[in-house]
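Please examine the sequence and the structure shown below. The report that follows describes selected parts of the chain under short headings.

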Amino acid sequence: MAPALCANCMTERAVIKRPKNHAKLCKACFITVFEDEVHHTITSSQLFYPGEKVAIGASGGKDSTVLASVLKTLNERHGYGLELVLLSIDEGIKGYRDDSLETVKRNAVQYDMPLKVVGYDELYGWTMDQVVETIGKKGNCTYCGVFRRQALDRGAKMLGIKHVVTGHNADDVAETVLMNLLRGDLARLSRSTSIVTGDSRSEVKRSKPLKYSYEKEIVLYAHHKKLDYFSTECIYSPEAFRGSARGLIKQLERVRPTAILDIVRSGEDMARLVPGESSSSCACRGQNTGAFASAEDDIGGCGSQNGRTAGNEMAVMDKQLRDNEAHEGLETDVAKTMAESKQRGHGQQVKLGLRSENGAPHGVTRQILGNCKRCGYMSSQEICQACMLLEGLNKNRAKIQI
Ligand SMILES: [Zn+2]
Ligand SMILES: [Zn+2]
């Protein structure tokens with residue numbers, strides 16, 4: 001079969017089949033199209049203002065590395081006038097975070113951006129390794145996620161920065177939409193689709209410029225741009241429910257590639273039906289940036305942007321891309337890679353949660369935000385989630401000491 005020509009430039013040989021819509025593109029066109037789409041998301045939701053100082057939540061993983069690289073490129077190309085800083089959280093996970101922090105340190109040099117590292121131990125008195133030692137591996141992703149959200153805000157405050165961008169991608173958003181749909185939690189579903197989270201009370205705004213970017217395209221972008229990122233999965237496993245939602249989305253994507261974006265769009269449309277909530281989506285969908293969502297309702301689970309892939313699919317894909325290139329010394333045929341990846345035992349059972357734990361239907365309620373009585377962090381409860389979790393941990397520690 002003769003090699004197909006790029007559907008965009010019609011001159012170069014197509015080497016990439018876009019996971020998003022199966023368009024066949026050459027390498028240069030794929031990179032441009034990917035960047036243009038992120039630029040479109042940024043401009044249509046008026047995400048930044050000129051001269052804004054922005055911290056990039058950097059884990060060293062593929063998502064945040066691609067985010068840093070794309071933002072640097074777009075900032076220069078389109079004159080956003082942003083002052084970009086890398087902000088890293090050290091969860092205290094030996095053998096995982098140590099190495100990924102080394103990657104972030106190299107990124108800081110490569111992208112010529114200042115880097116700030118904030119540790120869980122200094123913020124909370126606990127490293128994730130100690131948390132796992134105390135509570136076991138089950139549910140530790142919840143702790144990590146809750147601690148991480150506050151840690152990014154606190155780190156940003158230390159730097160005098162009021163806007164943190166994170167590498168959450170379309171797969172992450174779709175996963176959260178699905179989880180909230182299965183829990184029957186429409187209010188939270190609505191907030192999770194918002195591109196900007198945070199609250200007027202909170203000094204730090206959070207946003208996800210890669211909200212419409214597919215995880216697979218992020219891997220392809222990182223590969224073809226030869227970005228330096230850390231691809232080992234987090235050693236602690238994600239919570240079961242999130243893992244199931246993720247597995248289901250990956251299965252749907254195999255049958256219908258647009259499923260991921262369709263779930264994100266459906267989430268945005270449903271958000272508009274929730275009284276008092278408004279979601280921000282791309283302006284071309286006729287919706288302007290609306291009310292901020294609470295940062296507490298931001299995408300949960302492992303914030304490392306790693307370790308949430310069912311069947312380790314992204315790591316497999318990444319390895320195949322590297323191997324193919326090494327073997328052939330040629331451009332990679334992604335369609336082939338995908339087909340091979342499909343054949344390799346991804347037939348695992350996907351378990352689905354059906355209803356929230358107590359089975360009670362949730363009313364759609366609007367949360368009133370105040371500040372945590374203990375730490376002062378913005379919270380819808382008297383005591384914030386992090387302080388609640390810490391209370392449990394510290395009780396456990398006291399028991400052990402007795
Ligand atoms: Zn082309
Ligand atoms: Zn608190």
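## Helix 2 and its surroundings

Just after helix 2 comes Gly 79, which has a positive phi, near 60°. The model described here is predicted.

How does the span of helix 2 compare with the value expected at 1.5 Å a residue? Helix 2 comprises 17 residues, numbered 62-78, which should span 24 Å at that rise; the end C-alpha atoms are 23 Å apart, and so the two values agree. The buried residues of this helix are Lys 62, Asp 63, Ser 64, Thr 65, Val 66, Leu 67, Ala 68, Ser 69, Val 70, Leu 71 and Leu 74. Their cover includes four helices and strands from the earlier part of the list, namely helix 1 (27-44), strand 3 (53-57), strand 4 (83-90) and helix 3 (97-110), together with strand 6 (163-165) and helix 9 (215-224).

## The chain as a whole

The chain contains 14 helices and 10 strands. Of its 402 residues, 47% are buried. Among the contacts between residues at least 6 apart in sequence, 74% join residues at least 24 apart.

The mean pLDDT of the chain is 79, and 74% of the residues reach 70 or more. Over residues 279-311, however, the pLDDT is below 50, and this stretch has 109 contacts in the model beyond near neighbours in sequence. Residues 328-365 also have a pLDDT under 50, and for them the model has 51 contacts beyond four places in sequence.

## Annotated binding-site residues

An unreviewed UniProt entry carries the annotation "binding site" for Gly 57, Ala 58, Ser 59, Asp 63, Ile 89, Gly 167 and Asp 172. Asp 63 is also one of the buried residues of helix 2.

Are Gly 167 and Asp 172 buried or exposed? Gly 167 is situated in the loop between strand 6 and helix 7 (170-183). Gly 167 has 26 C-beta neighbours inside 10 Å and therefore counts as buried, since the cut-off for a buried residue is 20 or more. Asp 172 belongs to helix 7, and Asp 172 is likewise buried because 28 C-beta neighbours lie inside 10 Å.

## Helix 7 against helix 10

Helix 7 also meets helix 10 (residues 240-255): their axes come within 9 Å and cross at roughly 115°. The crossing of these helices is right-handed. On the side of helix 7, the contact is made by Asp 171, Ala 174, Glu 175, Leu 178 and Met 179, while helix 10 contributes Phe 241, Arg 242, Ala 245, Arg 246, Leu 248 and Ile 249. An α-helix has 3.6 residues a turn, so residues three or four places apart point the same way.

Helix 10 has 16 residues, which should span 22 Å at 1.5 Å a residue; its end C-alpha atoms are 23 Å apart, and the comparison therefore agrees. Arg 242, Gly 243, Ser 244, Ala 245, Arg 246, Gly 247, Leu 248, Ile 249, Lys 250 and Glu 253 are the buried residues of helix 10.

## Positive phi values outside glycine

Most residues other than glycine have a negative phi. Gln 46 is not a glycine, yet its phi is positive, about 45°. Gln 46 lies in the loop between helix 1 and strand 3, and Gln 46 is exposed because 12 other C-beta atoms lie within 10 Å.

Lys 226, also a residue other than glycine, has a positive phi near 55°. Lys 226 is placed in the loop between helix 9 and helix 10. With 6 other C-beta atoms within 10 Å, Lys 226 is therefore exposed.

## Residues brought together from apart in sequence

Glu 12 is found in the segment before strand 1 (16-17). Because 15 other C-beta atoms lie within 10 Å, Glu 12 is partly exposed. Leaving aside residues up to four places away in sequence, Glu 12 touches Cys 6, Cys 26 and Ala 28. Its C-alpha atom is separated by 9.1 Å from that of Cys 29, a residue 17 places along the chain from Glu 12.

Gly 125 lies in the loop between helix 4 (120-124) and helix 5 (128-135). Gly 125 is exposed, because 12 other C-beta atoms are within 10 Å. How far apart are the C-alpha atoms of Gly 125 and Leu 390? They are separated by 9.0 Å, although the two residues are 265 residues apart along the chain.

How values were computed:
Residues numbered from 1 in each chain as written. Chains lettered and ligands numbered in written order. Predicted model: local features only at pLDDT ≥ 70, side-chain atom pairs only at ≥ 80, totals over all residues. Helix = DSSP H or I, 4+ residues; strand = E, 2+ residues; numbered from the N terminus. Expected span 1.5 Å × (residues − 1). Contact = placed C-beta atoms within 7 Å. UniProt positions renumbered as here; feature names shortened; annotations may be inferred. pLDDT = per-residue confidence, 0-100. Axes fitted to C-alpha atoms, helices over the stretch in contact; angles between N-to-C directions. Left-handed = near helix turned anticlockwise from the far one by under 90°.
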